[in-house]
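Got your viewer open? Load the model, switch to cartoon, and let's click through it together.

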Amino acid sequence: MYIRKLDGTSPCPVGGCSRWNVAEDYSGQTYLVAMHLGGIHRLRDMKYGVWSRFVDVAIGFDTRGYKPTPDADLMQTPHQHLFLGVSLNAQGVFDYLFEGRAPRTRKITHGAFEVFNLPFTSQPLATYSTTGRNIPPDGAL
């Protein structure tokens, strides 16, 4: 929803929504808690254990269709997803690529991917979903 507001293609009424309040984009955020498999030394130190540096086991939560109130042409039933799955450990990938060289770049990417994950790099294996009700356009419940 916010991407359409930022590029000006949203039919958002003047004064009806904030174009820059991405902190309220509850329909575009996904939260992950990930465990780096590379942190398990017995696994990482196995003959072919290098792959464990690049894979995380993750628990994730996301919502879609809540706030900001979706444009009329995108209206959908609000829903929430809780999932257990695997995720690419971008931190491990960049640490591996820059190991022994480019220490400044390695430090920057390590710090950035401590907090952020690359889009579309998580794969749910088990999910639980619920649906909610649409929030009226005026925000009244």
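Begin with the sheet: this predicted model has an open sheet of four strands, ordered β1-β2-β3-β4, with antiparallel pairing. Color β1 and β4 (122-131) next; these are the edge strands, and each pairs on one side only. If you look across the sheet, the twist averages 15 degrees from one strand to the next.

Now keep β4 and add β3. This antiparallel pair runs over nine bridges. To see one of the bridges, pick Ser87 and look for its partner in β4, which is Ser122.

Next stop: helix α3, residues 90-97. Show Asn89 as sticks, since this residue caps the N-terminal end of α3. Put a distance label between its side-chain oxygen and the backbone nitrogen of Gln91, and you should get 3.2 Å.

Stay on α3 for a moment. Which residues of this helix are buried? Select Ala90, Gln91, Gly92 and Asp95. So Gln91 turns up twice here: its backbone nitrogen faces the cap from Asn89, and the residue itself is buried. To see what covers the buried residues, bring in β1 (30-36), β3 (79-88) and α4 (103-115), which are among the covering parts.

Finally, zoom out to the whole chain. Count four helices and four strands, running α-β-α-β-β-α-α-β from the N terminus on. Color by burial and 23% of the 141 residues come up as buried. With a surface on, the accessible area comes to about 9,800 Å², and 63% of that belongs to carbon and sulfur atoms. For a contact map, take the contacts with a separation of 6 or more: 62% of them link residues 24 or more positions apart.

How values were computed. Residues numbered from 1 in each chain as written. Predicted model: local features only at pLDDT ≥ 70, side-chain atom pairs only at ≥ 80, totals over all residues. Heavy atoms only, no water. Buried < 20%, exposed > 50% of the residue type's maximum accessible area, 1.4 Å probe, protein only. Helix = DSSP H or I, 4+ residues; strand = E, 2+ residues; numbered from the N terminus. Contact = heavy atoms within 4.5 Å. Polar contact = N/O pair within 3.5 Å; in protein donor to acceptor, adjacent residues only side chain to side chain. Areas by Shrake-Rupley, 256 points an atom, 1.4 Å probe, with all protein chains shown as cover. Pairing = 2+ DSSP bridges. Axes fitted to C-alpha atoms, helices over the stretch in contact; angles between N-to-C directions.
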